[in-house]
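Please read the points below beside the sequence and the model. They go through the helices, the strands and the ligand site in turn.

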Amino acid sequence: MEPTLDNGKFFRPSYIASIEPSPRAGPVSVEDIKTDLSSEFSLVSSGSDTSQSNGHIQVCLRIRPFTSLERENGSQDCVSLEDSTNIVLKPPQHYLSRLSEKTSGPMLQKFTFSQVFGPETTQEEFFEGTMKQPVQDFLDGYNRLVFTYGVTNAGKTYTFQGTEEDVGILPRTMDMLFKSIQGKLYTAMDLKPYRCRDYIKLTENQVREETAIKNSLLRLIKEVEEHFSILFSMCIFR
Ligand SMILES: Nc1ncnc2c1ncn2[C@@H]1O[C@H](COP(=O)(O)OP(=O)(O)OP(=O)(O)O)[C@@H](O)[C@H]1O
């Protein structure tokens, strides 16, 4: 589709040309960036899903290995793992040394996650610790959403996709899904998609009818193909 120029500023595909950008809200005042949102999340967690995961929202932190540059400038001291769910962040040493002890104290910030995975965590361990249960829930019929969030170079692609030698959570998930459906395929041709999310089971007569329709369609396609190939060769040899 042709992109259209909108307001002389942005290229936008024509299929979203009708969508107006939502008006921008006024300035947001952020008084306390450490606002505890757990009470709001608990509202979401009181639903009726009875799967085995603990709560509906799991927020896991993965700390990737530090690069040599980061080690050189002392960045690895900025984060310390307290236990399997807590980390403490502190400003870089060169920044701290400019401050008095009094002011540097409150600059330590503690964050709590559902689970923290340190730099030594392997792809397999991360998959086992984060994805295995949601994938199992999905196979049991529940909806699950997984996404990675982080600054550039944080390790999102590595975690999701991984490398050829050491694949990430996406290929591992696909592997688990395909393995779990092996030998459980429904081979009878008597189910038909209906209204997007439903299926109807066809009676024997309806199956026969469907087969006849499909066969006549296939015949038609074949005839059209033959017709065009004859026309094409006539054009070439004229
Ligand atoms: N757990 C890890 N173990 C080893 N290397 C890692 C790990 N996580 C990330 N890396 C390496 O760190 C670098 C940055 O990772 P990655 O490309 O996944 O970041 P990203 O968050 O996807 O960045 P961007 O948002 O810019 O695409 C890559 O070289 C990647 O191989």
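1. Phe138 counts as partly exposed because it has 18 C-beta neighbours inside 10 Å. On this scale a residue is buried if 20 or more other C-beta atoms lie within 10 Å of its own, exposed if 12 or fewer, and partly exposed in between, with C-beta atoms placed from the backbone. Phe138 lies in helix 5. Its C-alpha atom is separated by 9.2 Å from that of Leu177, and the two residues are 39 apart along the chain.

2. Some notes on the source. This is a predicted model, in which local features need pLDDT of at least 70 and side-chain atom pairs count only at pLDDT 80 or more, while totals for chains, interfaces and linings use all residues. Residues are numbered from 1 along each chain as its sequence is written. Helices (H or I, at least four residues) and strands (E, at least two) are DSSP runs, numbered from the N terminus.

3. How do helix 5 and helix 7 pack? Helix 5 (residues 123–139) and helix 7 (residues 169–181) have axes 10 Å apart and meet at an angle of about 40°. Axes are lines fitted to C-alpha atoms, for helices over the stretch in contact, and angles run from 0 to 180 degrees between N-to-C directions. The two helices are therefore oblique to each other. Angles under 35 degrees count as roughly parallel, over 145 as roughly antiparallel, 65 to 115 as roughly perpendicular and the rest as oblique. The crossing of helix 5 and helix 7 is right-handed (the near helix is turned clockwise from the far one by less than a right angle; anticlockwise would be left-handed).

4. The ligand is surrounded by Arg64, Pro65, Gly150, Thr152, Asn153, Ala154, Gly155, Lys156, Thr157 and Tyr158. A residue is near a molecule or strand if its C-beta atom, placed from the backbone, lies within 6 Å of it. By class, this shell holds 3 nonpolar, 5 polar and 2 charged residues. Ala, Val, Leu, Ile, Met, Phe, Trp, Tyr, Cys and Pro count as nonpolar, Asp, Glu, Lys and Arg as charged, and the others, Gly among them, as polar.

5. Asn153, one of the residues around the ligand, lies in the loop between helix 5 and helix 6 (156–160). Asn153 is exposed because 10 other C-beta atoms lie within 10 Å. Asn153 is not a glycine, yet its phi is positive, about 75°. Most residues other than glycine have a negative phi.

6. An open sheet is formed by 3 strands in the order 4-5-6, with antiparallel pairing. Strand 4 (79–81) and strand 6 (109–112) are at the edges with a single partner strand each, so one side of each has no neighbour in the sheet. On average, neighbouring strands of this sheet are turned by 25° against each other, direction ignored. Two strands pair if DSSP finds at least two bridges between them. Strand 5 (residues 86–89) pairs with strand 6 over 4 bridges, and Asn86 stands opposite Thr112 in strand 6.

7. Strand 8 (residues 191–194) and strand 9 (residues 198–201) run antiparallel and are joined by 4 bridges. Pro193 stands opposite Tyr199 in strand 9. This hairpin has 3 residues between the strands, and Arg195 there takes a positive phi near 50°.

8. Is Arg208 buried or exposed? Arg208, found in helix 8, is exposed because 11 other C-beta atoms lie within 10 Å. Arg208 and Asp190 are 9.6 Å apart, C-alpha to C-alpha, and 18 residues apart in sequence. Thr211 is also in helix 8 (residues 204–237), and its C-alpha atom is separated by 9.3 Å from that of Met189.
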